[in-house]
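Me: I would like a close look at a single part of this model. Please keep it brisk.

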2 protein chains.
Amino acid sequence: MLAEIITIGDELLIGQVVDTNSAFIAKSLNNIGVSVYQITSIQDDKKHILKAFKNAESRVDIIIITGGLGPTKDDITKKTIAEYFNDNLVLNQDVLKNIEAIWERFGRQKLLQVNKDQALVPSKSTVFVNELGTAPGMWLEKQEKTFISLPGVPFEMRNLVSKAVIPKLKQKYSCPFILHRTLLIYGLGESNLAHRIESWEDNLPSHIKLAYLPSVGKMRLRLSSKGFNQEQIITDVQNQINTLLPLIKDEFVGFEEDQQSLEVFIGNKLKALNKTLAVAESCTGGKLAQQITKDKGVSAFFKGGVVSYATQSKIDILNVNQDLIDRHSVASREVVEAMALNTQALFNSDYAIATTGNAGPDKGDSKVEIGTVFIAIATKTEVFSEKFIFGQPRERVINRAVTKALELFQKEILKN
Amino acid sequence: MLAEIITIGDELLIGQVVDTNSAFIAKSLNNIGVSVYQITSIQDDKKHILKAFKNAESRVDIIIITGGLGPTKDDITKKTIAEYFNDNLVLNQDVLKNIEAIWERFGRQKLLQVNKDQALVPSKSTVFVNELGTAPGMWLEKQEKTFISLPGVPFEMRNLVSKAVIPKLKQKYSCPFILHRTLLIYGLGESNLAHRIESWEDNLPSHIKLAYLPSVGKMRLRLSSKGFNQEQIITDVQNQINTLLPLIKDEFVGFEEDQQSLEVFIGNKLKALNKTLAVAESCTGGKLAQQITKDKGVSAFFKGGVVSYATQSKIDILNVNQDLIDRHSVASREVVEAMALNTQALFNSDYAIATTGNAGPDKGDSKVEIGTVFIAIATKTEVFSEKFIFGQPRERVINRAVTKALELFQKEILKN
């Protein structure tokens, strides 16, 4: 079962917007055994859209289209779909009611004709009412092929894919099972890894595909397989992994698919332990707190944080000793440990994480090399810290520091 | 002059990685007058790659390919390009030297054959040595068509595009001038905006294209035009904008192309005024501080912040009166104003921004509707606050609250 994702919008082709929708859709399709053959981004142009539909139809079974469903003149997807299906647009009462409800909820003025027109849909389509916005999702069939049109606004699209599109695809198609297992490997470059596992790779059965995915500080090695015999696929892939693991036993740290995001893992663990956390941040500037509070239900374990950006605020708010800073510099083990301990006391939390360092590009108050970050963890019984050098640029230093802080903390609470 | 971007990699088609490369390339091409006709993401599969090359060649003049240039067996782009051009691979000494230099710089063990093989390039290609990595960029011509192959690692690719690809394209092709002007409009929804400017839009000359780009809390309205008479294009677009502006005079805030980001604007303004800022955040959970500290040079004006996530931390650290919270609820004008004033005192800053509310999806300690956020600004002479209802989901509420807080603050310091 093959799919193509077509994203429509000039903003993609002039680089004004990054297409994040396709990755979400591709992942959702993969989960139910649908392989994405191609992703195509095209302009808001009728001829181009029609051509893309025709090409996609010749290649794949399922075509998912996002974008171009707004109320204005540059939104031409719906009309173009109707033309492609030799269909006309009819008013859908459910969609109209939804639009009216949204209008009422936000206390807007009266509905304009263009708003009402968003309730027009191709007569042959099955409609998915979009509770988060005014543009509906639409499902149309042409012999064995299925066209699905979705709004381009990411959170509206995601909600429709999860709640409506995926269930309906599962109902209609009998899809194979797709398995991806991605090994996370630290401390081994792409070519050295390939060299080390060469004979293993050469003996991989043809139905298992291997991919090397290098990224900042780690390698991901992905084995993929698909077929209708789910049990066999799982066994085959597992057997290959069993042969592989002894070759990389010092560098292998886990499977990407088994890992929840760090902050979700930490949140669940803290809730289970009935423990609380607070943070103090200097160079990470609030990003650590932001990462922790991204998901819901955080108030059960997260007490809060201090962004002690200015050196003086480390003294005034975090009660770090001026003398300690003078002696060791604001970016030091001594200061970061004091930050963690005092934050724990300030928030009356069981644990505290603290960061200080220099994310660059300038030296600032600290005396350390640009990219140096100290991270401390305070527990009920001790405080400890580590020093890291994360290189450049600024954004990367901040991101790596936040990830490393969460990793260190995860390791700590796993001891419980 | 038309281009197509082809990104190669299974990781894109299973949704493991978001394609950020295409937006960067598209923007860079647009700047020199090359329009991107299509972006195509395909698998690491020889047949599929060959087919994509052929299709692209039939549609456009310039084909830019990223990905599939690593040292391992799943990296097949280079061989496939050689096949497409009926060419063979030859060792390039400059590339080899670069690989050896990188090896030495990182103190790695001896070069493997697969590393040396990265210096193999199609004999017909012009090579761009990649100083940031081992895979080179390659430029091949076929009659009037140009194929450019680049590594998929974003920072390597960006460096090659800016330093090598764009200059060489400008040399080879005589490109038209492309102008985008994007008006930022606040407080007017997509359909209401379209309604208000309808007759203006109907009278736009055909060479000026209009696009509506709704995003969190604002509308972007983009006028685009291209042609070889640069002066005429600038005049025509400016004339249209002059007619448009009186229609949206209360809602127009500036041009995206002219604007620095809000936080950069605020930083520069505060530095010019020699004033300082601190923040207190509840529902935005650190995102406001993170946004402010994203860019360099922040310590000149940013003192820091408190993420008072738990209600108790508003009392303990921000010294908000327990009684005030009991009387008005933790999400109220009274509490957010107290947060702002006390933060200003705590950090001894000239200004403070505070947020409190409920980002959802659960009610939590607050009594307000999910999505409600209060924002307060404290200045040396007053404190004021506003209430907003930002809807759902959580991520969007947080983002809108942060943007709105920075906007309110920008408006305030613009008075100076």
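In which sense do strand β16 (residues 372-378) of chain B and strand β17 (residues 383-389) of chain B pair, and over how many bridges? Please go on from there to the surroundings of this pair.

Reply: A caution to begin with: this is a predicted model. β16(B) and β17(B) pair in the antiparallel sense, over 7 bridges. One pair of positions fixes the register: B:A376 stands opposite B:S385 in β17(B). The link between the two strands is a hairpin, and 4 residues make the connection.

Now the sheet. The pair belongs to an open sheet of 10 strands with mixed pairing. The order is β17(A)-β16(A)-β15(A)-β13(A)-β14(A)-β14(B)-β13(B)-β15(B)-β16(B)-β17(B). The edges are taken by β17 (383-389) of chain A and β17 of chain B, each with a single partner strand, so one side of each has no neighbour in the sheet. On average, neighbouring strands of this sheet are turned by 10° against each other, direction ignored.

Follow the order inward and the chains meet. There β14 (residues 302-307) of chain A pairs with β14 (residues 302-307) of chain B, antiparallel, over 3 bridges. In β14(B), B:V307 is the bridge partner of A:G305. A further strand pair also joins the chains: β2 (residues 35-42) of chain A and β2 (residues 35-42) of chain B run antiparallel, with 5 bridges between them. Here A:Q38 stands opposite B:I42 in β2(B). Counted by residues, 70 of chain B are in contact with 68 of chain A. The side of chain B that touches chain A divides into 32 nonpolar, 24 polar and 14 charged residues.

Back to the hairpin, and to what covers it. Helix α16(B) lies across β15 (351-357), β16 and β17 of chain B. α16(B) runs at about 25° to β16(B). In chain A, helix α16 (residues 394-413) lies across β15 (351-357), β16 (372-378) and β17, also at about 25° to β16(A).

α16(B) has another partner, helix α11 (residues 262-273) of chain B. In α11(B), the residues B:E263, B:I266, B:G267 and B:L270 are buried. They cover an arc of only 100° around the axis, so they sit on the same side of α11(B). The buried residues of α11(B) pack against β13 (277-281), α12 (287-292) and α16 (394-414) of chain B. The length of α11(B) checks out: at 1.5 Å a residue its 12 residues should span 16 Å, and the end C-alpha atoms are 16 Å apart, which agrees. Just after α11(B), B:N274 takes a positive phi of about 60°.

Methods: Residues are numbered from 1 along each chain as its sequence is written. Chains are lettered from A and ligands numbered from 1 in the order in which they are written. This is a predicted model: local features need pLDDT of at least 70, side-chain atom pairs count only at pLDDT 80 or more; totals for chains, interfaces and linings use all residues. The expected span of a helix is 1.5 Å times one less than its number of residues. A residue is buried if 20 or more other C-beta atoms lie within 10 Å of its own, exposed if 12 or fewer, and partly exposed in between; C-beta atoms are placed from the backbone. The arc is that of the directions from the helix axis to the C-beta atoms. Two residues are in contact if their C-beta atoms, placed from the backbone, lie within 7 Å. Two strands pair if DSSP finds at least two bridges between them. Axes are lines fitted to C-alpha atoms, for helices over the stretch in contact, and angles run from 0 to 180 degrees between N-to-C directions. Ala, Val, Leu, Ile, Met, Phe, Trp, Tyr, Cys and Pro count as nonpolar, Asp, Glu, Lys and Arg as charged, and the others, Gly among them, as polar.
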